[in-house]
Amino acid sequence: MLFCSYRGTSADFGGKALRKKGSSQALSAGSRTRLRRLQHIRAVIAAAKQQGPQDALNLRAGLAVIGARTAGALSRRLHLGGGTSIAGVVAQCLYPDIVKHLASQVEYGSITVTGTNGKTTTCSLIAAILGNSGLRVWRNREGSNLMRGIASSLAMHALPNGRLRKSGHAISVFEVDEAVLPQITRIVHPRVAVFTNLFRDQLDRYGEVDSIATHWREAIQQLPSTTTLVLNADDPTTAHLGNDFTGKILYYGIDDPSLDLEAQNGRHQVMDMRTCPACASDYVYELRFYSHLGHYVCPKCGLRRPKPDVRVLHAQSESFDRLRIQVESDEHRQEVVIALPGLYNIYNALAAITTAEALHIGWESILTGIEQAKPVFGRGEYIQAEGRTICLLLAKNPTGFNEVLRTLFSNATAKHVLFLLNDNIADGRDISWIWDVDFERVAGYTQTLVVSGTRALDLALRLKYAGVAQQEMTIVPSLPARPQRLDARGRKAPQQNEHATQRSYGLKSALNTALRQTPPGETLFVVPTYTGLLEVHRELEQRGLTSHYWEGAPQ
Amino acid sequence: MIEDSLETEHLTLTLGHLYPDQLNLYGDRGNILTLQRRCQLRAIELRVVGLGIGDALAPDEYDMLFIGGGQDREQAPVAQDVCELKSIGLWAAVEDDMPLLAVCGGYQLLAHYYRPAEGPDMRGLGVFDAWTIHKGARVPRCIGDVAISWHGSTLVGFENHGGRTYLGKAQPLGKVLKGHGNNAEDHTEGAVYRNAYGTYLHGSLLPKNPHFADHLIELALQRKYGRRSQTSTNVQLTTANASASNGVTSLAAAPQEAATLLSALDDTLEWEAHAALLERLGLHDAAAAALRTCTKPVSAFQS
């Protein structure tokens, strides 16, 4: 382990950071033998132990940092993944308290963002705002939102002496998985804790929606009253998380009645939270924006939406991915342009603005931060391919999918679409939620439609029952069924039916088919689940069409 | 006379969907959509009536009943309503051979009781001689893809339940081929009493199991329009969709005479999805059999 870590360190980091600091000469020299290095580090540990416990801890952290960075570099080199999680795993193995050790060194403290949908975009908006205000912003990367992802993001910013690099004027923004939040708040007390929303997602992994709410209440109990909570007033569960919290709470919400679902001619919409947590009676909605987000009141016990501190008075869509909103807080009223598609991004922007308000950041930084924000990984991201534009719109749960469909099909022009439904662990093994998604919107509004992924046939079936004719969609499953290749005894099976024999398989051919069907100059909308998004990115990357997403990881 | 009525009369069925707002966690809408569409393609009008908490259940107004699954928090008031308000209606319907499908939480509600890890038992209706025990957070939930055998064919779906159900005298719906089933111990899955079916399979259940969906529709039609003799081959139901007539049948494997009333539909995609899941579970022979189902010639109208 140690041997390879030194070799990796000097090879992959070029010893750049290490050479600057004298404390780690042992590592910068590439020509020494492995054995001598090991002997040296043992001597350093022994010396440090004599000096005092803090140094020993720093040293241990330093080892963890080296191990983590090496593992990350190796993993990237070998293309085992983004290289972001493995680094954290190694760091935590070598020093379980690494997160606490490093996070406490960040001068401006940390912000946590959690919720079912909108975590990544909200984090990136917050980071843009804080960056504009002159702070140095450190984030964990998209998708690495478990403890190990946070550990790795910190380790990547640390020096081999166990100290953070440039921790002055720095603030960390952590995207935190819904179920992991209590673990994080046990060791890191954020200055601001943001809760975006709570929807049904990955029931096979998280259990029921209620159990996530219980985790969150547990996490909030661990927070000191110096933390500010930023809560979505329009989401009943999220809004009432702070009922027993003694610190400051800021709420955000939408006050524009024209966004009401009924005013927008909304169709079937699932509601994942429809009963009052206090008395279990059904909420009554004055306005409902999507799923269970809106202006609600409990008719029995009177529990109602709190008045938001930061609110959107009016929102207007200027084009597919340009929204103009009127934001009002107690002191300000401001027009903000969001260069992202969909109603859900109004909430993401609001969450970011409210966080900035909690940190007393000036409006100038907020405005430019939000206007300049680029779509993050797979959330409205554009990639040019073979004269076509690919627009990636991640959709990983019923509400997310419904909102993506609503955004896509809100005007009457028919689109070129590729759906990718996977049921890998990171997507959730259960795909029955597709039956709660409003795919009826799709029927008649696609010019060309390709359905792919490990559960392509399930999705095709869902689309068929939504009224999409079978001949209008091309089904490209991940793998052919075995009976279509060989029967049980290994003989070549007879031709099963015309659909099956025409079929091609795998993401590569799904993407090729979809691109071929999209005329040059037009846009292909790719709507994948989480691992589908990773696959598409990898495939496009191999064609040289997009940058390696992990390159930007440590800054 | 029955044949006449079938030929001339406009067939209508009414589906009572119990607790659509409370028990809708696992894509139960797919089951309703499937029943609706499969009826519509055969020119049978299927009305769906939602029955929430506080609504009375008059059994003679319905031809079919469906109950889905929900969260624990929402299940408690539902359990109370089932026992207090709907119990007589439900019992009457079941004893009168009305087809009923209860999935997951709904299945548990129709057994004797649900014993949570902590707290008092939740009483059920006792339609199925079975009971459910939640053995606490340490015992893992039964989660994953599942396939069971059912009358010479297969049913596939996804299960996700913490409680484990044990059958008394109740007949199981099928034998577990892959997955957990009722309790991950005795290889049984689901329960049957008369025409009431309880199961843990969602995913949704009916879209990928068109033979089971048709079986339920068939039972409802037979119950409403009379049990017809099996020898009549001249009955042709009007087919709403032209694509259905050039199609292939899915009904060969359905039990007994169930295939006789309904015209065949093009279920190629349904059976492919069904087979794909069997394939993933390593049940290659069953997958091949399922694919053959959709290539068999139409046999629904032969005696």
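Two residues are in contact if their C-beta atoms, placed from the backbone, lie within 7 Å. The model is predicted, and local features need pLDDT of at least 70, side-chain atom pairs count only at pLDDT 80 or more, while totals for chains, interfaces and linings use all residues. Residues are numbered from 1 along each chain as its sequence is written, and chains are lettered from A and ligands numbered from 1 in the order in which they are written.

**Exercise 1. Describe the surroundings of Y445(A).**

Step one is to place the residue: Y445(A) lies in the loop between β14 and β15 of chain A, where helices (H or I, at least four residues) and strands (E, at least two) are DSSP runs numbered from the N terminus. Step two is to list its contacts, which, leaving out residues up to four places away in sequence, are F409(A), A414(A) and K415(A). Step three is to judge its exposure, for which a residue counts as buried if 20 or more other C-beta atoms lie within 10 Å of its own, as exposed if 12 or fewer do, and as partly exposed in between, with C-beta atoms placed from the backbone. Because 17 other C-beta atoms are within 10 Å, Y445(A) is partly exposed. As a last step, compare it with N243(A), which is 202 residues from Y445(A) in sequence and 45 Å from it in space, C-alpha to C-alpha.

**Exercise 2. Find which strands pair with β14(A).**

Two strands pair if DSSP finds at least two bridges between them. Following that rule, β14(A) pairs with β15(A) in the parallel sense over six bridges, and in this pairing H416(A) stands opposite T448(A) of β15(A). On β17 (residues 523-528) of chain A, five bridges are found to β14(A), again in the parallel sense, with V417(A) opposite F525(A). Five of the six residues of β14(A) are buried, and the strand is mostly covered.

**Exercise 3. Work out where α17(A) sits, and what it packs against.**

Begin with burial: 10 of the 10 residues of α17(A) are buried, so the helix is largely enclosed by the rest of the structure. These residues include D458(A), R462(A), K464(A) and Y465(A). Next, look at the partners, which are β14 (415-420), β15 (446-453) and β16 (473-477) of chain A, together with α2 (29-40), α5 (205-208) and α8 of chain B. Finally, pass beyond the helix to G467(A), which follows α17(A) and has a positive phi, near 105°.

**Exercise 4. Characterise the side of chain A that touches chain B.**

First, count the residues: 32 of chain A are in contact with 37 of chain B. Second, assign them to helices, since α11 (203-206), α12 (209-221), α17 (456-465), α18 (482-485) and α19 (498-502) of chain A each supply at least two residues of this side, and the largest share, six residues, comes from α17(A). Third, sort the residues of this side by class, which gives 15 nonpolar, six polar and 11 charged; here Ala, Val, Leu, Ile, Met, Phe, Trp, Tyr, Cys and Pro count as nonpolar, Asp, Glu, Lys and Arg as charged, and the others, Gly among them, as polar. For the complex, the predictor gives an ipTM of 0.86 and a pTM of 0.79.

**Exercise 5. Describe the sheet β9-β8-β11-β12 of chain B.**

The four strands form an open sheet in that order, with antiparallel pairing. At the edges stand β9 (153-161) and β12 (188-189) of chain B, each with a single partner strand, so one side of each is left without a neighbour in the sheet. Nine bridges join β8 (residues 142-150) of chain B to β9(B), and one bridge partner in β9(B) is N160(B), which faces I143(B).

**Exercise 6. State the confidence in chain B and where it falls below 50.**

On the pLDDT scale, which is the predictor's confidence in each residue, from 0 to 100, chain B averages 84, and 83% of the residues score at least 70. Over residues 229-259 of chain B the pLDDT is below 50, although beyond near neighbours in sequence this stretch has 77 contacts in the model. Residues 297-303 of chain B also have a pLDDT below 50, with 17 such contacts. Where pLDDT is low, the predicted coordinates should not be read in detail.
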